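Here is a friendly walk through one protein chain, written for someone who would rather be at the bench. Please keep the structure open beside you while you read.

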Amino acid sequence: MILTHLVWTADPCCGPVDLNGAVAALEPSDVPPREVVARQDAVDAGSGRIVVPSVHLDVPLGALNEVDGVITPPGFASMYWVRNRGVAVEEAAHGTVYIVTHSLRGGGMAPGNYLFETDTGQPTLEAGDTMVVDGVEYAVESLRIVPKTQLEGDRDLWSAIPDRLVLITCLQAATDTPSVENLVIVAQRVSTPYERTDVDASAIAPGRAVGPVNGRSHD
């Protein structure tokens with residue numbers, strides 16, 4: 001499974017925008033054919049929200065399909081549930097929920113940028129931190145860096161483990177070169193879909209994240 005690369009562009013003419021309202025784009029080599037875009041059937045919202053209180057992140061949760069081993073989120077201001085990998089949040093008791101998002105390099109700010117320090121590549125979360133997905137609370141258990149070339153072959157990662165959440169984002173390098181690694185965050189559910197968690201998001205602006213990671217952002 002491959003997460004495609006994204007870059008930030010200052011060209012305001014067209015295209016989706018990042019969390020700061022700036023236009024961003026796929027790397028030219030990663031733009032999927034129209035047929036693949038149709039099969040992805042991606043939407044930027046509609047599956048609730050994902051909130052990570054410790055880093056002041058609150059963004060819409062969309063959905064998409066993995067196509068031929070490749071995942072290409074279309075937007076830079078949402079996270080995406082992968083429909084054909086694992087299970088939906090409301091079915092978490094029966095398997096793993098997979099969520100993907102992009103980070104941006106070159107000055108952009110996507111949800112993934114809030115999950116690691118730009119200068120060091122170290123995660124901003126730690127074991128025990130809370131993530132709330134469509135009102136269901138998860139506690140972070142582990143964080144690890146996986147080369148993109150090894151992600152698909154990680155059998156443990158793709159195992160159907162009940163009540164587990166796996167969140168994947170591209171990990172950007174301080175050198176501002178294309179990402180070659182993924183940050184993988186594994187969490188365990190601590191509330192059920194019928195025990196929705198109320199999150200104090202008073203410091204989080206609806207529809208976007210606030211507060212830069214390490215004062216900068218990157219793809």
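The report below covers confidence, the barrel, a helix residue and the salt bridges.

## What kind of model this is

This is a predicted model, in which local features need pLDDT of at least 70 and side-chain atom pairs count only at pLDDT 80 or more, while totals for chains, interfaces and linings use all residues. Residues are numbered from 1 along each chain as its sequence is written, and side-chain values use heavy atoms, with hydrogens and water left out.

The score pLDDT is the predictor's confidence in each residue, from 0 to 100. Its mean over the chain is 82, and 80% of the residues reach 70 or more. Please read two stretches with care. Residues 5-12 have a pLDDT below 50, and this stretch makes 38 contacts in the model beyond near neighbours in sequence; a contact means heavy atoms within 4.5 Å. For residues 201-219 the pLDDT is also below 50, and that stretch has 69 contacts beyond near neighbours in sequence.

## The barrel

Helices (H or I, at least four residues) and strands (E, at least two) are DSSP runs, numbered from the N terminus. Two strands pair if DSSP finds at least two bridges between them. Strands of a sheet pair through backbone hydrogen bonds, either parallel or antiparallel.

Eight strands make a closed barrel in the order β4-β5-β7-β8-β11-β12-β10-β9, and the pairing is mixed. Neighbouring strands of this sheet are turned by 35° against each other on average, direction ignored; axes here are lines fitted to C-alpha atoms, for helices over the stretch in contact, and angles run from 0 to 180 degrees between N-to-C directions.

Let us follow some of the pairings. Strand β4 (residues 49-52) is joined to β9 by two bridges in the antiparallel sense, and I50 has V133 of β9 as its bridge partner. Strand β9 (residues 130-133) in turn pairs antiparallel with β10 (residues 136-147) over four bridges. Within that pairing, V133 stands opposite V136, and V132 has E137 as its bridge partner. V133 thus appears in both pairings, with I50 and with V136.

What do β9 and β10 form, and how many residues lie between them? They form a hairpin with two residues between the strands, and D134 in the turn has a positive phi of about 50°.

Elsewhere in the barrel, β5 (residues 57-64) and β7 (residues 79-86) run parallel and share four bridges, with G62 opposite Y80 of β7. Strand β7 is also joined to β8 (residues 96-101), this time antiparallel and by three bridges; there W81 has I99 as its partner.

## A residue in helix α1

Q40 belongs to helix α1 (residues 34-40). Is Q40 buried or exposed? Its relative accessibility is 4%, so Q40 counts as buried; buried means under 20% relative accessible area, exposed over 50%, and partly exposed in between (1.4 Å probe, protein chains only). Leaving aside neighbours within four places in sequence, Q40 touches L64, N65, V67, T72 and R83.

## Salt bridges

Side chains of opposite charge can pair when their charged atoms come close. A salt bridge here is a side-chain nitrogen of Lys or Arg within 4 Å of a carboxyl oxygen of Asp or Glu. A search of the whole structure gives six of them, including these three:

| Pair | N to O distance |
|---|---|
| R39 and D68 | 3.2 Å |
| R144 and D154 | 2.8 Å |
| R189 and D163 | 2.5 Å |

The R39 and D68 side chains meet in a salt bridge. This pair links distant parts of the chain, 29 residues apart: R39 is in helix α1, and D68 is in the loop between β5 and β6 (70-71). R39 is partly exposed at 38% relative accessible area, whereas D68 counts as exposed at 62%.

R144 and D154 form another salt bridge. R144 lies in strand β10 and D154 in the loop between α2 (148-151) and β11 (164-171), 10 residues apart. With 31% relative accessible area R144 is partly exposed, while D154, at 15%, counts as buried.

R189 and D163 also meet in a salt bridge. They are 26 residues apart, with R189 in strand β12 (residues 181-189) and D163 in the loop between α2 and β11. R189 is buried, with a relative accessible area of 17%. Finally, salt bridges that share partners join E35, R39 and D68 into one network.
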